[in-house]
Each structure stands twice: as structure tokens, then as C-alpha cells.
There are 2 protein chains.
Amino acid sequence: MIRVVCWGLGAMGSGIARNAAKKDQIHVVGAIDRDERLKGKDLGEYLGLKKPLGVKIDSDPVKVLNESYPDIAVIATNSFVSNVLPQIMLCVEKHINVITIAEEMAYPFESHEEAAQLIDSMAKKYGVTVLGTGINPGFVLDQLILNLTGACLNVRKITARRINDLSPFGKTVMETQGVGSTPEQFKAGLKNGTIVGHIGFRQSIKMIADYLGWQLDRIEEEREPIISKTRRETSVVKIEPGMVAGCKHIGRGIIGNEVVIELIHPQQIHPEIEQVDTGDYIVIEGDPTVSMAIKPEIPGGKGTMALATNMIPTVIDWDPGFYSMADLPIPVCLPQKEE
Amino acid sequence: MIRVVCWGLGAMGSGIARNAAKKDQIHVVGAIDRDERLKGKDLGEYLGLKKPLGVKIDSDPVKVLNESYPDIAVIATNSFVSNVLPQIMLCVEKHINVITIAEEMAYPFESHEEAAQLIDSMAKKYGVTVLGTGINPGFVLDQLILNLTGACLNVRKITARRINDLSPFGKTVMETQGVGSTPEQFKAGLKNGTIVGHIGFRQSIKMIADYLGWQLDRIEEEREPIISKTRRETSVVKIEPGMVAGCKHIGRGIIGNEVVIELIHPQQIHPEIEQVDTGDYIVIEGDPTVSMAIKPEIPGGKGTMALATNMIPTVIDWDPGFYSMADLPIPVCLPQKEE
């Protein structure tokens, strides 16, 4: 049995904990959340499982990590390298492997070169493995694209679209996407950096380019608000017509004046209310050209929870260091415990 | 530079050699084919490349392997474990890594348990890596399916179809598929084992089941001829109306009385002549259900050539032993040499 600590019990972290607890090879042995109101609650009860798990939620990471002897911590606290770095370091120094769904951690080897090198060297020093994963970045718009290029003799250009539903995500994602803001607030938020749209284009584009051996001259990004014509609501946000339901974000990897990688990602809550067909679409122009569609899109919430859980045994077995999804064997759905 | 010997210069092997010769990291240093008429010819000239490669084709494997100091041999001689086993062993004992596109080698750990264990133990003894790959088995109907399950919390059933064009393949494939036979010859060929349809269902189904942790009770296969209404022709076979243009082959993995894996694979030459839409389709029933389509299908010839080439650096770097595509990091299209 692999001993797992779940760090962060927001929308994603709770889902990972719930999923991990059901898996055959996994024993959830600790749970960390900064929300003091959860302190002392049984994790199983908090997650709505049939039985208590005998694991008390705690806000003190050092205490949980010291007392639960985990093989691995799954960190689902935040999107940004700067915020998860100290959490990762705490685990690594205690010889605990790490999976994080922090988007920037999917491939920060250029965007956060110093932090990435630090994590890699510390992971090697302490003999543990660190992986950034998630549905996107980490899978649909990078790993899956690269995997499909494996069946190509050569590749000239990549264009991919992920038209998805943000509804299952938590407050952090809504805020960084500008969901629930007015168009003016959206514009201001983009300017002051509180609204960032999708987090991960720099990482996905760089991952694709590096593995294809392409030297990009620059990465460009473009964001615009998706203005709702209708009332839309999730458990964490309500929007009225005229407000922002999401962000259409485009990332481009450019060589000279040529766009060689284009990732298009309009994300919003409840796209079905305005008859938007969701899906994941990948076109690899090359020899052969490969055109893939997944309809509807792989849901972001469940996909992220699944990937973070399914990569656990691979990360445990892997060589020490900091890796991306392009470095490791494919994720495979883990079998569940017998009921 | 990775030093590569290409063993087998039929339709697939020639394509692999042509592709490998164009790749940045690869130096093709030797070529083996049993056809004595090719002996002494320059490989580059035989492949129709712009320049000679300075590599003479030879029919003597021992001579080529001894004199060309390869890091790896790519074996594209035959579909069956029994036929490629001595070729693989010869390489392994010379400390040469091996990639083979022999379909049965994609995952022979149950279908040819003894041979697979022998290859694995010998590979470990001699410090080399052996991989079976190809478009199918090896990618579309196994690795790609498994990769997509990685984004699932759980999986109940897998149904996948590969509706493809056999036209680019060589004589071996045409014969084993019954292309060019009469319906009577097809029936007789199935009975006496000369016509086998798709080779690889037992391997793909077992690979999927093993990695999902499913204990199958049995694997069933069903084959029927695709009778042509039209005249069709490739460089290696001609068929008249009423003759067999291909084989519709279905493989099923069964637990109790329930089909949990169903792979459907109607293969024929020039399906477009009879308005058959080709494509690769995967449906993973689970949470979430994932429904993927690649239209048209990834072409089998180019896909196999690409995968056999693109896996070379990974196989070189990998731990000693015998592995499948589900064990190794994803294939990625290798960059080409500057012209």
C-alpha cells in the first residue's frame, strides 16, 4: 500500500482525496488544509465517504507529514510555483515524493528556471520524485499532443483547442479566470495580474517545443472575456447577463514570424447554457497529419483528480528528480478497492 | 549519434530506414535483408534518398551486426514471436538494444510467456532493452487507450474501432490478412492458419487488461472476409470484384459473461473505393466517459515507421529488460537533420 497525504482540500484536493481513498493500492494517511474550521474532522466524513477514514484533517503540515509517514504528498493548494515551492520543499526534505496540480509546475523549466532547478536538485539529493500534472497543463494540450506526434514521421505545426466547462472548479480558478467579474473588472484584473486566464500555456507550449526539438523565438498570449448573455451559477460563483462567464485564452509558440504551436482555450462556466459544444481538438500538421477530437471535452475537474491519483505509483517508482508528464510512462486508471 | 542497424527492408523496414536516416540523432550504420539481390547495394540508393548512405545492404546478420557497431537494431522482418526470437537473441547477445515491429512482440507476456521471459532475462543479463512497437498493436488500440484512461477516475468498459487502409503494407501483411484471396481461400486460410487477420489482438487486449488491473476470463476473436465489390490494386496485390479486400477482425476481452474490452478492426486495401470512412475511435466508458475520434485513421504504414523510429532514443536510455509501450515514456516525433 502506498501511503498518501493530501495537501489542500478545495474542490480539486477533495476530489483527489476521495478518488485516492477508493484505490486499491492507496492508503490515505493524512490530510492538510489551511482552513482551521476543518481541523480535527475525519477526512472520510468531510469527503462524504461511507465510512470515516480514521484520518483527522489538520492545518499544520509539519505535524501531518511527521506523524503520518507518507510515501507521497499530493499538493492541490494553488496554481503558482512561488506558492507551492515551500510546500514542495518541506515534503522533499522529509524524503516524501510529491505530485502537484499547480499548473505552473507542469513544466516550469523555462518559466521558473531557478525554482525548477532547485526542486530537481533537492529531489535528487533527498532521493524523491516530483511531478507536476493535471488535465491541462499536464495532459490534453501537451502530453496527449506529444504522444500523438509519436506516430508522425515529421511535424510542421500544432493547433489545438480545448473548449471546456469550468463549472466544477473552486474559487481560486474562478478568480484567476475572471468568472463573475464585470467586463471592466476583467480588463483591470488582466492589467493588475489578478485575472490570468488559463494558467499553463507557457508551460504546455514550452513542453511541446522542447520535446519536438523546436527552438521557439517567443511565446505570445492573448486573453479576452467571454461575456455571458444568460444567468449562470455554480456552487462558488453566480453571474448575471453582461458579466464575464469565462476567458478565451490563446497561446502561441512562434519561430521567426511563423506560429508553429497554437493552443486555443475558451473556458467558461456552464457553456451548454449558450449552446457551446465542448470538446478537445488536436491537429498535428505533418506526415501524416493527425486530427483528433474528444467530444465532449475530458472534464477538467475529474481529469485533474484522476491524473493526480493515477500517477502516484509511477512517481513512487521513478528515479529521483523533478519530471514532467512527457518524461514518465503514460498514466493508467488505477483499479478500485473491492467494496 | 545513435548507431542503428535496420534489419528487414520490406515495405515497413524500408520506411523505417528512410525515416531513421533523416533524423537528427540517428546514424544508420547497417542494413540487413535476406533478399540476396539487394546484397552490396547502397542503402541510400535502394531507399531512393538523395545521397548514398555509404551503407551496403547485406544478407548476413552476424556480419552486419559485428562490423557496424550498432547501439540498436530495428527488426522489421516478420509478425510472429517464433520468427523474430532468434533475430532478437542474436542482437541481445551482442549487447545491441532492439526495437521490433513484430506484432506479437507488442505484449507477448501471456501469449508467448516463455519466449517473453527469455527475452526479458537475456536483455537484463546483457544490459540491453527490447521493445515491441508499431501503430497497432503498440499504439492506437492499446497505448493510446491506456493513456486516455489516465484521465478517468474509474473505467468500466472499453470499445475501440480502427477502420483503416492496408494499402501501404507489404506482402506479408496482405497474405496474413487474406487480401487477394477468394472467399473460399479465405475460409480455408483461416482454418489452416495462413490467414490470421489482424495480428495483435491478444496482445493489445492483454496489455489493456493488465495495466487496468482487470483479470480476464478469456479472449475471443472473430474474423470475417471483406468481399470487394470493386477492382482494387496496390503495388503488391490486385483484387477483382468478389475477391477478398481485407478482414474484419474483432477481439473481445471477457470477464464472466461480460465483454469489458472490445476491439473492432476491419482492415482492407483502398477502403475509399467503396466509400468506407476510415478512422480510429475509442470509447472509454467510465467516470468520465471519454470518446475520442481520429479521422482519418493514423495511417498504419507511416505510423508504424514513425513509432519504430521515434522510440529509438527512449529504448537506448531505458533500463535493461523487455518492455511494452505501456511501460515507457510517450513516443515523440524526433527532429530531422538540417537539409
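These exercises walk through a predicted model of two chains, A and B.

Residues are numbered from 1 along each chain as its sequence is written, and chains are lettered from A in the order in which they are written. Because the model is predicted, local features need pLDDT of at least 70 and side-chain atom pairs count only at pLDDT 80 or more, while totals for chains, interfaces and linings use all residues; side-chain values use heavy atoms, with hydrogens and water left out.

**Exercise 1. Describe the interface of chain B and chain A.**

Step 1. Start with contacts, meaning heavy atoms within 4.5 Å. By this rule, 46 residues of chain B touch 46 residues of chain A.

Step 2. Turn to area. The size of an interface is often given as the accessible area lost when the parts come together. Here buried area is the accessible area (1.4 Å probe) that two parts lose on being put together, summed over both. The two chains bury about 3500 Å² between them, and 65% of it is on carbon and sulfur atoms.

Step 3. Look for charged pairs. A salt bridge is a side-chain nitrogen of Lys or Arg within 4 Å of a carboxyl oxygen of Asp or Glu. The rule finds 2 salt bridges across the interface of chain B and chain A. One of them joins Lys302(B) to Asp287(A), at 2.5 Å from N to O.

Step 4. Ask which elements of chain B take part. Helices (H or I, at least four residues) and strands (E, at least two) are DSSP runs, numbered from the N terminus. At least two residues each come from α6 (143-149), β7 (154-165), α9 (201-212), β14 (290-294) and α10 (300-310) on the side of chain B that touches chain A.

Step 5. Sort that side by class. Ala, Val, Leu, Ile, Met, Phe, Trp, Tyr, Cys and Pro count as nonpolar, Asp, Glu, Lys and Arg as charged, and the others, Gly among them, as polar. The side of chain B that touches chain A then has 30 nonpolar, 11 polar and 5 charged residues.

**Exercise 2. Follow the strand pairing from chain A into chain B.**

Step 1. Recall the rule. Strands of a sheet pair through backbone hydrogen bonds, either parallel or antiparallel. Two strands are taken as paired if DSSP finds at least two bridges between them.

Step 2. Cross the interface. Strand β14 (residues 290-294) of chain A is joined to β14(B) by 3 bridges, and the two run antiparallel. Met292(A) is set opposite Ile294(B) there.

Step 3. Move on within chain B. From β14(B), 5 bridges lead to β13(B), again antiparallel, with Ala293(B) as the bridge partner of Tyr281(B). These two strands make a hairpin with 2 residues between them.

Step 4. Continue to β7(B). Strand β13 (residues 279-287) of chain B pairs with β7(B) in the antiparallel sense over 9 bridges. Among the facing residues are Lys157(B) and Glu285(B), as well as Asn154(B) and Asp287(B).

Step 5. Finish at β12(B). Strand β12 (residues 258-268) of chain B runs parallel to β7(B), joined by 6 bridges. Ile158(B) and Ile261(B) stand opposite each other.

**Exercise 3. Work out the order of the open sheet in chain B, and find its edges.**

Step 1. Read the order. The sheet has 7 strands, arranged as β3-β2-β1-β4-β5-β6-β15, with parallel pairing.

Step 2. Find the edges. β3 (57-58) and β15 (321-323) of chain B each have a single partner strand, so one side of each is left without a neighbour in the sheet.

Step 3. Check one edge pairing. β2 (residues 26-32) of chain B and β3(B) run parallel and share 2 bridges; Ile32(B) is opposite Asp58(B).

Step 4. Add a helix. Helix α1 (residues 11-21) of chain B lies across β1 (2-7), β2 and β4 (72-75) of chain B, at about 155 degrees to β2(B). Such angles run from 0 to 180 degrees between N-to-C directions, with axes fitted to C-alpha atoms, for helices over the stretch in contact.

**Exercise 4. Locate some special backbone features.**

Step 1. Look for cis peptide bonds. One joins Asp287(A) and Pro288(A), with omega about 0 degrees; Pro288(A) lies in the loop between β13 (279-287) and β14 of chain A. Another joins Asn136(B) and Pro137(B), also with omega about 0 degrees, and Pro137(B) sits in the loop between β6 (129-132) and α6 of chain B.

Step 2. Look for positive phi outside glycine. His270(A) has a phi of about 40 degrees, and His270(B) has one of about 45 degrees. His270(B) is in the loop between β12 and β13 of chain B.
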